[in-house]
Each structure stands twice: as structure tokens, then as C-alpha cells.
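Trainee: I have a model open and I'd like to learn how to read its features one at a time. Can you walk me through it?

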There are 2 protein chains.
Amino acid sequence: MLPMDPQETDPTYPATVLSAVEWSSKVIFQVSDVDVDSPNAKLREYSKAMLMRDVTWAEHLQINGSIMVRLRGPENNNLAEIIKSRTKGNWFINVPITNPELASFEHRKDATESEIEEAQQVDPWSWWNELRFATKHNARAKVVVELSDSDRPSRECVRRWLGEPIEAIIIPSSLFVLNRSNYYVLQKEWQTIVGHFISVRANIIISAKTNDKAISQYAEYAKKLISDHGDTHTLNSYENMLEIPLQPLFDNLDGDTYEIFETDPVKYKLYQEAVQQVLLDRVSEAEAKRKLTVVMVLGGGRGPLARAVLNAAEITKRKVRVYIIEKNPNAIRTLSNVVKTLWSKKDVHIFSKDMRDFSPPELADVLVSELLGSFGDNELSPECLDGALKLLKPDGVSIPCKSTSYINPIMSAVLHNNVSQLTLTVQAFHYGYVVLLKNIYHIDEPQALFEFTHPNRAAVIDNTRHKKVSFTAQMDCVLHGIGGYFDTVLYKDIILSINPLTHTQGMFSWFPMFFPTHPLTIKAGDTISIKFWRRVDAEKVWYEWQVCEPKESELHNPDGVGYNMRL
Amino acid sequence: MLPMDPQETDPTYPATVLSAVEWSSKVIFQVSDVDVDSPNAKLREYSKAMLMRDVTWAEHLQINGSIMVRLRGPENNNLAEIIKSRTKGNWFINVPITNPELASFEHRKDATESEIEEAQQVDPWSWWNELRFATKHNARAKVVVELSDSDRPSRECVRRWLGEPIEAIIIPSSLFVLNRSNYYVLQKEWQTIVGHFISVRANIIISAKTNDKAISQYAEYAKKLISDHGDTHTLNSYENMLEIPLQPLFDNLDGDTYEIFETDPVKYKLYQEAVQQVLLDRVSEAEAKRKLTVVMVLGGGRGPLARAVLNAAEITKRKVRVYIIEKNPNAIRTLSNVVKTLWSKKDVHIFSKDMRDFSPPELADVLVSELLGSFGDNELSPECLDGALKLLKPDGVSIPCKSTSYINPIMSAVLHNNVSQLTLTVQAFHYGYVVLLKNIYHIDEPQALFEFTHPNRAAVIDNTRHKKVSFTAQMDCVLHGIGGYFDTVLYKDIILSINPLTHTQGMFSWFPMFFPTHPLTIKAGDTISIKFWRRVDAEKVWYEWQVCEPKESELHNPDGVGYNMRL
């Protein structure tokens, strides 16, 4: 809705032109374009009165007002106070994607090189960033980025906005060009930029004159872009949702969790390939008929790993005996049924045990397990596999045989807000979360952190770790936390990875992790150094993390006060 | 889902017969019918182990398990402990509607009169009631009432169940009879009983043998009953929802609230009739052309009362001048627009003022207002109309001219749970709520409490009140709080009422009030005495309430610590 005329002192307006539901669901209130941070005191006070009048009117017409306000420059302290004082509804902060002054130079011949260069230094993202800090990261302030035909933003500039709470983008109608078929379209480069915003679920606002006859064409084209770029995977309800990681060693998984794991289209296929390779390497063609390979599945769940082993044996024509060890009595019910019905003629044996307490009737040639969490070792695979070492023959192998965790610094205002909300009930900044990362900006690429190999036949096993890793920021931004990933070698060159740089295509069993830190503004070129610890005591394993550059910050999760994994 | 065989020590069952979504959305787990409160220690411990096994299995298969367990008699302390210890999912407590032993007498010829009479004294509702107190009113325990063909419950017995958290009723297939067209139906009396349960949104479970060929016929018939008895008014999302009453004197109402008020199909029609009657009484046919009646609308909102006045003038052919006084500047915007466009030729004048500060250009013949809340005086109509007395001619009249509040004792476990939930954030037992009463049992009929008349020309005006009202319980039940209602005389015999005994047909502008008290078990025949106060100080008006019979209980809202109305 367009703003009221600021000159009219007592405007009349029939609220009844729309129903209350329509006001609330279909209208964004664009408030009067006044400057509540003007250096002119009279203009400033007048502007505040106008803005408050508009806000009150919006709140009268909507159950929660949705208000759009335009940033005019770097000074927004009074606006921040007004935002903080309002208790309901969202603020949509309209920010130009590049300095709007640049546009004026197009029409000015007198502009000097240095003037242009100076204008290029002005970064409207920093206007928003200062407003964000001044509102104390108010979750009701969201960003509406306005594109401009006078300047196309760099790829990195666009990627950085994806880490912000993007509500919408504004596409001016002047960005549309007629193609050869006489349809209004965006140029390739703009399509890519708009596509990036669509991928983080930004809405599209097209700004045009009311008498522009092509409005419906722009809208049709925008709908097409949305269907091209909006990914619609079945897990999208998990986007940006923080979950406390599973503790399958301590808790029993439920049927829903097993079901999700079992439907991964890639993971068990790669496990099956790894087992095939092991069987072929350990048993020659000549021995195939008589040499038995003993395979122990550690944590068999409802049977997907055992199924992969049996498939591998059938394909390679090797003889296997499978022991399935599973501690969850509820999973055992289903597993027993599978063995009774489908595998009644196979050499398969179930043991309802914790693998650490299991005394096997014979030793294994191969241990197969999927005890890895989103950060590799965070579901205690090192401790479990160390405990299972006694089950393995001296020349036996473990699938997987190695796992590595990775981290990188991340900007994500959305995840920061989600963590802040949790602080009402838990010490949320001392937890690591499993989360389908969506509204984020990778400040730098992930680097390797900790590594574990299996079997570990060291005389004294030490699963504690400590490392400091350093990164470099490409742009001014805000550090909100640390992304966590892993990859694992199942056998030889068969690898599963959720590291964004090498992610196994199509595998969805693991979402990344997110370790929150307190918001810290970073300058382009800054070094970001992060210290990470894996610590162990008699009852639990936990991580601690700390940002130590560009500024020494708080140590998170000391002594495992928040997230810890119980042994 | 039927329970597992309690004899099988390690049952196998393929969880994969249903998907996780189907398990969670389509299945209720009927647990093994064991007696965890048996006096036999061995049987008791065995029963507990079986029940916990079933519960664990249900939690494994469902995201939140839904578990149905049957009450076998009055002793349920161990069951209560198990219910309290479980942290997720709902318990559906299966309770027979009358003593199941009565059924056995039908087949026993040796039963004596006194045996039968004793069995009739047993009230399974009390089994549930004791369980409810033992679980400390756990909101996850809900009731499934099982009907029986051997005994039809009394009307009062059915009405009492409506005050419980009814999840479903079980209809045994033996209750169905073939009608003349060879369709399975319920007898009239049973239809009425089932209809009562449907009206509080109870689900229907039909218990039948799996080979009963008429199952789909029973289901079709049940669907028909649901569509006949399930009322589907547009406000049903408000059922049992507690709302803090509006404070229109202190806060400005929003557009949504005005819109809901304005769509009441009955209220403004009755206001219009009252104004017509006043105009006819004050201005004779002979005077009609020259005598002007000055009408002041106090709190004009967006114009519905003024519209009623103008309509009345047109119908009666009497001359009116209308002053509309309204303090909400947002409503004034719409009102000004209506005056400018629709009423530009009428004698209508708007004043943007609080009625208590308004100095009129002339005195009024008639004051019209709708300042009444759900409890009559709870939106401070007495104080507002006293303040407006100076606007009225000595012989002037007020519409409305009288309002009366009513109360009665109520059982409602659902409202009690909703109040208890609010205690996390406010002193919820010191508030009165506006609520569309649904799952309630009226323990006795409403009685008049406080009365106010307008205009009040007493030398010293005292709007404080105090009264004690006594009621009688028909049946054993639990007192959860006090229902509040009002009626008002607009003029002569034109009345608006939300008292359940005299409710104005079709009027939905006001929901009743609910004043919570702490749960108190009541015996049939008990006297329930309630003291109620309306208190006033310089800044606010508030109620206090106290149950003083059959047991002296806590005084609620002393000094207005919770709900109070700011002057």
C-alpha cells in the first residue's frame, strides 16, 4: 500500500475497502519516505511523527502490521529505536543492493574519477549491518534488497545477501528487456542474480508505474523464474531448523528416524560397493566356493547395512556369514521379522547387544558400521569402533576406515536468530546443531579439522583432538558461527562426503552442523582463526570452540555445559 | 492397533508394514489389557512390565505415541504414575459410561435386588476423576467413553461427560439395529446421546468383530450423524480458547475487531428497533416534521450505531441530529470517509474525543452506546456512562438503560488445562477470560449477580458491588470455575442476552466469560456458594471471586493483581 500523503493532516480513508483478512494477508505498508535520522531537528521530529502515524495506521488495519521502510544512508539510529519500541509485526528494510548515487553519475558529465571511486566504496550492506546491530538483532527486521539497472552487483555481493534474513527483492521494471520474440525478460546475468535470491525463498516485488501495460508480463516471467530456481526437495521444511544432534548410543532411535535413513538413495549403494570390493580383495575367484567371510554389522537398525552386505555377496558370488549387532529392542522386532521372512535361507544371526559388550562366537573379517554423525565423530564412532576392535581378526578391515571433519566460518542472521530464540530454554550458544543450511553465506571454504582411522590398533588410544584453523574473509560481513561437515573413506576410493566442496551427489542422510558464535563484524581481508577441541572424560565427549582472530572471543561449551555426547 | 500378545516374550513384528507417517497419523495403540494396580504383587509387576513394553513400542513407531488404556475399576494409582512419567504422546483413557458389571446381571438370575442397586451406585466417572487428580490434571490424558447396550446413561450423566476432555466415544456394534429399510441405525435415544458427544467434537470409534460384514454400514451411519450434529459455525476456531478481555477504553481497537462486531446480524437490528421506539415515544406524529431529536452515539467506531440511528429516523420519519463521539483516531479515518461519501446530506457530526472530556454544543435527547463487555460492566460502561451524564437532557434516555451480569458454576477440564498452561507467563488464576464455551458442564443454571441502570442520577454514584450466590449440584462433578454472562435492556422490552437461558438468537458479538477456580470435587446435592466483588480505586476496576461452599477456597484476584480494567 502506498504511503499516506505526509502533507494531509487528517486524512480520511475507508478501511472497509478491504476485509481485515485481506489487509493482513495481501498488503505491505510502505510508510512515508521521511528521514527520522535527519540532522535537521525540525525535519527529524516531523519525520518521526509521520512515521509513527503510519505505523499506528498499519497496526490498526493489520493484525500484525507488515511495514516497509527505505534506508536512505548510513545513519539509522532513530529508526532502530522505533523498530525496537514496536511490539508486533515485521519491518521490511528496503536496502539498495549497490550505492544508489552511482546511478546519478550516469547522467552527470562533471563527476570526477575520484568522486565515482568514492561512491563505489559506499556499501549499503553496511547501512543494514549497522541498523541490525543497533536493533540488537531484532528478529522482526527483515531485508528487502532493491536491484538497480545502473549497476550490477558482483557475485560475492549477491552471495553475501543470502546470509541475511531476505524477505524479498525489488526488481525495477527498467531491468526488463524485450527479447526477439517480443517478450519481456531479464538478461542472463540478472537471471542468475535473481535465481540466487529465489533459491533462499525470497519473494519478488516488481516496481513499475501503475500505467505500465507490461506488468502482467513481468509477473508471468517472475513466476517462471521462481519455478526454475526454487528447489522443492521433500526436506525443505527442515531448512534453517536447528536440531539437537541424535545420541543413538545413549537413546534408542525411533521408527521415523530409521525410515528416513533407509530411504537415502545413495548411501547404502556406496556401502554395498565397498563390501563388494573388500570381498573381491580378500577372497580370490579360486577360493570363492569355500572361503567364508565373516561380516559383522555394528548397529544394524532395521537391516539396510545387512541388506547391502548380502547383495554384495550375491553379486560377487562370495560366501558370507553375517552377524548383526543391535542394541535397540524395538528395531530388533522388525529385524527379526526380516530375517524370518526374507533371509530365512541366509547365514544371518542377530544379537540384541551393545557392541561394546558383545562376545562373538568367532572373529570378523569385516566390520561394517554407519555410526557417523554430521561432524563425523559426533555420534561417538571412534569410541564405539575402538570398543569393537576385539571383534576383528588381526588382518580384518573396517568399513568405514577413515573419517575427517571440516569447518568454515559462516554468516547467517537467520540461524543466529534461531539460536537466540532457544536461549529462553537452554544455553543455546553452547550447543552444536544439525541443520539444513539455507540462508547462509560461506565466508571462506571449509578446511579439514580432525581425523580418525579404523581400526585403531595404537597401544594407547587417544580420541581427544585440538586444532586451530585460519580463514580469510573476501568481503565485509558478520561472523555468526561455524559450519561443520565430514567425509569418510568407506574403502579405498569409495567416499561419502557432506563437505560442500565434494558433497556426494544425491545423498541426504546427513545435514551439516552449525556451531554458533556471538555476532562479530568482519572486514574484507581479515583473518578469522578458530580453535576447536574434542574433549573426553569418563562419562562424555564434547567439543569446545573459540574464535581467536580478528578478536579473541568467548570460549563456547566449556566442560560440555551445553552439547555433549554421553558414553 | 491391537495389543501384542502378552504371552509372547520376544515378539517379532515388521514395523515397515506402515510408513512412519501412517503409524503416526492413522494408528491408536491399544495396549495389553493388564492390571497394573492389581492387589497381587506378581501380577502387578508382570502387568507393569507388559504395559511399559507396549508403551516403548508405541513410542518407537510413532513420533508421539497415542496410547489407549482401559480403566478396570476405581484403583489406578500405578497407572497414574506411569502416565505422569511418560513425556510424550497422549493417553486415551477408555472409561465405560456406566458400571460394566450391570451387563452381567442380565445373564444372571441369582442376582439380588440389593446387588443390582449396589452396582448401580458404582460410577465409572469417579474412576476417571480420581485418576485425573492422581495425574495432577495431566493435559495429555484424554477420555474415550465406551457406550454399552446393557444400560443407557441418563441425560445428566451424558452432559457431565461433555465437561471432560473427550477424545472419542466407542460405540459397540451391538448398539446398531436394523430399521425397516434394512439399514443399520441407532435408536432415537442413542442418536441423541451420540449427538451430544459429536457436538463437542468427539471422534467415533465403532467396536465390532473383524468379520462383521456391516462395518462399512456402521461407518456410513456414523458419518451421517457427524454431519447432522457437528455444528460448523465460522467461529469454531475460538472454541475453548481463552482470551484476555478487550480494554477499549484504554487501548484503541483494531480494524479486525471492528469488522467482527459490525457483521453481527442481530445486534444492530435490535439497536435500530430500540431507537425507533424511543423516537416514536418522544415525538408524536404531529410533531414529526419540526421536532428535532438529538442523538449522541458514544463510541461510534466505524459507524454501525450511527447507521442504526439514521435507519430508525428514516423508518419512523422523525428528524434526528447525530453526534458521533469516538476517541480512536484510526476509526475516525474510516468514519469521516463514510460521513463524506454516504451521509453528506445527513445532519451528522463527528467528534474525535473521549466521551468523558466532551463538551457538547447542545444536550442530547438520547445517548446510544455499546460499551458492554461479556460480563456487562467489564468494559467499564457504568463509569463511561456516568461520565457522559452531563451530555444528557434531564428527561433524556440512555440506550441501553439497564444491564445485569449472571454467573454459574462450571466443570471444564479443557478450560482448566488451558488456564494452567497460561500460568507459565501470567498469574492465570487471577484473570477472567472471554471464551467460546464448548467442552463444559453447567453444574447449575445461571443466576443474576450485579445490576447497573442508566442514566444513573444518584447524588453519590457507587459502582462497587458485592454478592454471594448459591447453587446446587445435580451430580458428582468437579468445579473448575465460574461462567459469566450478561443481559441488557436497550429500551422497554428490547433485550440483548448472552445468558444461556435466554440467549438472543443468532447474536455472536459476545462470548461468555470464564473465571477459573482451583479444581474441587463436588458431591451430588452439595451447595456451591460463590462470593463475587466489583471493586474500584482511582486507577482501575476489578473483580474478586471466591468459592466459599462446600469448602472455603482461595480468594482470586485480590487487589486486581491479575485482570483489571484501567480507567
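Trainee: Which residues are linked with Asp33(A) in a network of salt bridges?

Mentor: Keep in mind that this is a predicted model. The general idea is to look for a side-chain nitrogen of Lys or Arg within 4 Å of a carboxyl oxygen of Asp or Glu. Here the network takes in Asp35(A), Arg70(A) and Arg72(A) along with Asp33(A). One of the pairs is Arg72(A) with Asp33(A), at 3.1 Å from N to O. Those two sit 39 residues apart, with Arg72(A) in the loop between β2 and α3 of chain A and Asp33(A) in the loop between β1 and α2.

Trainee: Is Arg72(A) buried or exposed?

Mentor: In between. The trick is to compare relative accessible area with two cut-offs: under 20% is buried, over 50% is exposed. Arg72(A) is at 39%, so we call it partly exposed. Asp33(A), at 43%, is partly exposed as well.

Trainee: Which salt-bridge pair should I look at for buried partners?

Mentor: Try Asp54(A) and Arg53(A), whose side chains meet at 3.2 Å, N to O. Asp54(A) has 5% relative accessibility and so counts as buried, and Arg53(A) is buried too, at 13%.

Trainee: How many residues apart in sequence are Lys438(A) and Glu239(A)?

Mentor: They're 199 apart. Their side chains form a salt bridge of 3.7 Å, N to O. Lys438(A) is in the loop between β15 and β16 of chain A, while Glu239(A) is in the loop between α9 and α10, so the pair ties those parts together. Lys438(A) is buried at 15%, and Glu239(A) is buried at 12%. For the whole structure, over all chains, the search gives 63 salt bridges.

Trainee: How many of those salt bridges run between chain B and chain A?

Mentor: Zero. With an interface, then, check the polar contacts as well as the salt bridges. Here six residue pairs are in polar contact across the interface of chain B and chain A, both partners at pLDDT 80 or more.

Trainee: Which elements give two or more residues to chain B's side?

Mentor: They are α2, α10 and α13 of chain B. The most comes from α13(B), with seven residues. By residue type, chain B's side has twelve nonpolar, eleven polar and nine charged residues.

Trainee: And how much area do the two chains bury between them?

Mentor: About 2,700 Å², with 52% of it on carbon and sulfur atoms. Thr12(B), His60(B) and Arg333(B) supply 27% of the area chain B buries against chain A, more than any other three residues. Each chain brings 32 residues to the contact.

Trainee: Which residues does the UniProt "active site" annotation cover?

Mentor: According to the unreviewed UniProt entry, Glu370(A) and Glu379(A). With an annotation like that, check where the residues sit and what surrounds them. Glu370(A) is in the loop between β12 and α14 of chain A, and Glu379(A) is in the loop between β12 and α14 too. Glu370(A) has 17% relative accessible area, so it is buried; Glu379(A), at 17%, also counts as buried.

Trainee: Which residues does each of them touch?

Mentor: Leaving out residues up to four places away in sequence, Glu370(A) touches Lys267(A), Tyr268(A), Tyr271(A), Leu298(A), Pro304(A) and Leu305(A). With Lys267(A) there is a side-chain polar contact of 2.5 Å. On the same basis, Glu379(A) touches Leu246(A), Pro248(A), Leu371(A), Leu372(A) and Gly373(A).

How values were computed:
Residues numbered from 1 in each chain as written. Chains lettered and ligands numbered in written order. Predicted model: local features only at pLDDT ≥ 70, side-chain atom pairs only at ≥ 80, totals over all residues. Heavy atoms only, no water. UniProt positions renumbered as here; feature names shortened; annotations may be inferred. Helix = DSSP H or I, 4+ residues; strand = E, 2+ residues; numbered from the N terminus. Buried < 20%, exposed > 50% of the residue type's maximum accessible area, 1.4 Å probe, protein only. Contact = heavy atoms within 4.5 Å. Polar contact = N/O pair within 3.5 Å; in protein donor to acceptor, adjacent residues only side chain to side chain. Buried area = accessible area lost by both parts, 1.4 Å probe. Nonpolar A, V, L, I, M, F, W, Y, C, P; charged D, E, K, R; others polar.
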